[in-house]
Amino acid sequence: MEDPYLPKKVKILKIMQETSDIKTFVVESVLPEHSPGQFVELTVFGVGEAPISISSSYPAMVLTVKKIGSVTNALFELKEGDYVGVRGPYGRGWPMKELKRRNAILICGGVGLPPLRPIIYSRLLDKDSGSTLLCYGARTPDDMAYRGELEKLAKQGISINTTVDTCPMGWKGNVGVVTCIMDRAIKKDENAVCMMCGPPVMMKFASKMLLDKGFTKDQIYISLERMMKCGVGKCGHCMAGGKYVCKDGPVFRLDELEKLPERML
Amino acid sequence: MHTIPREKLPAFLEYLSKGGELIVPAKKDGLSFFKSYEKGDRLYLEKGNTDYSAKQFFFPYKEVLYHYDKEGNFENAQEPRERILFGIRPCDLHALAVTDMFFSDEPADPHYLERRKRTTLIAIDCTTPGKNCFCDSLGKRDPIGHDLLLIPEKKFFYASAGSEKGKKLLEDSGLFEKTSESPSIKKIPCKKKASPVDSSRVKWEKWGKLCFACAACTSVCPTCTCFDIEDEIQLKGGKTERQRTWASCFTKDFTSVAGGHSFRSARPEMLKQFVNHKFPYFKEKFGVTMCVGCGRCVTACTAKIDISKMISGK
Ligand SMILES: Cc1cc2nc3c(=O)[nH]c(=O)nc-3n(C[C@H](O)[C@H](O)[C@H](O)COP(=O)(O)OP(=O)(O)OC[C@H]3O[C@@H](n4cnc5c(N)ncnc54)[C@H](O)[C@@H]3O)c2cc1C
Ligand code: SF4
Ligand code: SF4
Ligand code: FES
């Protein structure tokens, strides 16, 4: 019998410093095929595990991580050539089939961008896809991950809208929470699928704004964050309203979420 | 049907203990629980249920899943062994049926299932329920899934096999006799009754206000299976243990994420998760309730929260 809790050992191939507390790790790809929005359980040996979204399209395995506690701090000490453990891929990701030929509206804050990133790349590869628009909010310009990459994507036809909560001198971009840029950048679009990932309050206000603009609940998808220990529907930590966020989600459609007998955001 | 006289029970236990670790119900310092059998143990049988279930023998309070070295080479830490669990009651057989379903659901949990596969279940039918039992209201009074069932009579036990393993015990031990008669003993009904209402009609605030969130209920409940996975570096040998320990939905940390936000911190919400998981959530997925009406959480609750009343909308 296969053991779902047993990680596979993989080498860290490349590390990129994104911001003072966010790094991107490219690791060996040994797990089964993954789709956008899925995640892995990452082990730092001697410390423990943490759930991390896969921020690349298959077959690449790229993880973008914010330093926040014991596992992520220890991960930041590792160098290229060191090993970590991974198991997965887990969860139900973004509705990629539904997205075909439709417009994509992506909304994120903080480290909510990594799980959305593979959607952007799958759209660049697919000539039949509709337009792609990203609204991304960070605390300060220095907290913005993938800054250089976002500029390149803008040149490739992706509509990139960024904003920061507070800004030092010299920032020429938007200031304010993500809903401010959403208000300007997003218009009612019956042919769009909206996908968001970020802090619960942000998603609450962002989905309300989308509904006010005339989007319907079945056009809005949300990736939930929950405490997760196992990733496979066993440990119970991620359970919400009878669903296992790790297995039935983390991506849910807004109307599905609202039917559940518990507050989800 | 077979029979075994009461005075031959010690001989049967001796016989069983040759086949592996024998686990029996006993009572010490006012608490009843399952333990490894030692000669001369006085068994706690025929008197309602044990205070603690046999859950820990399949899903231990703390278990080491793996050891691994600095290079990240993992080694399985399970040491499978044959066990005979003697004296388990019908409600706890139902509890095992529930946890079997849960841990067999894909992806299956090999750590639990391996222990389960290696355990022979010798059940004792329940004639006298404990003061907080309500298993018959939930249809969990009739034994299921046992290898052998003993049914108490005044001077002897009836024995009926539920599996090939059980049949073999009847034949090979040489302690049982065939009979054409059948059990006559009356089962006393549970004193407590429950008739589950829709979750929206349960008085969450009323009961939630009483709750101390002490997690005693989830730890005594035979069907609670939530866990943490933690790594602990061993002082000797430079190895790390990956441990699995029980967790409870009555702790704030259970649902807290980065930034310290906890999704369920109010007590009525915690209580609602406990009860909804036991009833609508589990039933929707597996077709049966997760709660088996063993009454242990009622006995354990210092705030006198009574799940049989709560689920009935009282
Ligand atoms: C599906 C999913 C995808 C995620 N993707 C990413 C990602 O791509 N990049 C990223 O940087 N972060 C991601 N996270 C968040 C990340 O898992 C947590 O930040 C990480 O577990 C913290 O671990 P730690 O040991 O460093 O912190 P700890 O020392 O354990 O704790 C720091 C804080 O994180 C919270 N926390 C601890 N364990 C978990 C856990 N297992 N799940 C959620 N919160 C926890 C604690 O309550 C505490 O407030 C994701 C979380 C989920 C559920
Ligand atoms: S919820 Fe209470 S009565 Fe039901 S199985 Fe658990 S401990 Fe027994
Ligand atoms: S969520 Fe609560 S009630 Fe359900 S198994 Fe876990 S600890 Fe028990
Ligand atoms: S993370 Fe363990 S059940 Fe979802």
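Which residues come nearest to ligand 2? Let me start there. Of the 13 residues around ligand 2, the nearest are B:Cys221, B:Cys291, B:Cys294, B:Gly295 and B:Cys297. Two elements of chain B, α7 and α8 (296–300), give two or more residues to that shell. By class, the shell around ligand 2 splits into nine nonpolar, two polar and two charged residues.

One caveat before I go on. This is a predicted model. Please keep that in mind for every number I quote.

Next, ligand 3. The residues around it are B:Thr218, B:Cys224, B:Thr225, B:Cys226, B:Cys249, B:Gln273, B:Phe274, B:His277, B:Lys278 and B:Met290. Which helix gives the largest share of that shell? Helix α7 of chain B, residues 267–286, with four residues. So α7 of chain B turns up here, and α7 also contributes to the shell of ligand 2. The ligand 3 shell has five nonpolar residues, four polar ones and one charged one.

Now ligand 1. Where does ligand 1 lie? Between chains A and B. There are 23 residues around ligand 1, and A:Pro51, A:Lys66, A:Ser70, A:Thr72 and A:Met228 come nearest. Let me give you three polar approaches. For A:Gly69, a backbone N or O atom sits 3.2 Å from an oxygen atom of ligand 1. For A:Arg226, a backbone N or O atom is 3.4 Å from a nitrogen atom of the ligand. From the other chain, B:Ser256 places a polar side-chain atom 3.2 Å from an oxygen atom of ligand 1.

That brings us to the interface between the two chains. How many residues are in contact there? On the chain A side, 39 residues; on the chain B side, 45 residues. The size of an interface is often quoted as the accessible area lost when the parts come together. For chain A and chain B the buried area is about 3,400 Å², and carbon and sulfur atoms give 56% of it. In chain A, the residues that lose the most area to chain B are A:Tyr5, A:Lys234 and A:His237. Together they make up 19% of what that side buries.

Polar links next. Side chains of opposite charge can pair when their charged atoms come close. Across the A–B interface there are four salt bridges. A:Lys247 and B:Asp105 meet in a salt bridge, 3.6 Å from N to O. The interface also has 21 residue pairs in polar contact, both partners at pLDDT 80 or more. On the chain A side, β3, β4 and β13 (239–240) are the elements that give two or more residues. The chain A side divides into 19 nonpolar, eight polar and twelve charged residues.

Now inside chain A. The domain assignment gives domain 1 (8–90) and domain 2 (103–258). Their centres, taken over C-alpha atoms, are 21 Å apart. The contact takes 22 residues from domain 1 and 21 residues from domain 2. Between them the two domains of chain A bury about 1,600 Å², with 58% of it on carbon and sulfur atoms. Which three residues supply more of the domain 1 area than any other three? A:Gly37, A:Phe39 and A:Ser55, with 24% of what domain 1 buries against domain 2.

How many salt bridges are there between these domains? The count is one. The side chains of A:Asp21 and A:Arg139 meet in a salt bridge at 3.6 Å, N to O. Over all chains, a search of the whole structure finds 40 salt bridges. A:Asp21 and A:Arg139 are a pair linking distant parts of the chain, 118 residues apart. A:Asp21 sits in the loop between β1 and β2 of chain A. A:Arg139 sits in the loop between β8 (132–138) and α4 (147–155).

Back to the domain interface for its polar pairs. Six residue pairs are in polar contact there, both at pLDDT 80 or more. On the domain 1 side, β1 (8–19), β2 (22–27), β3 (39–44), β4 (48–53), β5 (61–66) and β6 (83–90) each supply at least two residues. By class, that side has seven nonpolar, nine polar and six charged residues. And β3 and β4 of chain A also give two or more residues to the side that touches chain B.

That is my tour. Over to you.

Note on methods: Residues are numbered from 1 along each chain as its sequence is written. Chains are lettered from A and ligands numbered from 1 in the order in which they are written. This is a predicted model: local features need pLDDT of at least 70, side-chain atom pairs count only at pLDDT 80 or more; totals for chains, interfaces and linings use all residues. Side-chain values use heavy atoms; hydrogens and water are left out. Domain bounds come from an automatic or database domain assignment. Contact means heavy atoms within 4.5 Å. Buried area is the accessible area (1.4 Å probe) that two parts lose on being put together, summed over both. A polar contact is a pair of N or O atoms within 3.5 Å; within protein, one must be able to donate a hydrogen and the other to accept it, and residues adjacent in sequence count only if both atoms are side-chain atoms. Ala, Val, Leu, Ile, Met, Phe, Trp, Tyr, Cys and Pro count as nonpolar, Asp, Glu, Lys and Arg as charged, and the others, Gly among them, as polar. A residue is near a molecule or strand if one of its heavy atoms lies within 4 Å of it.
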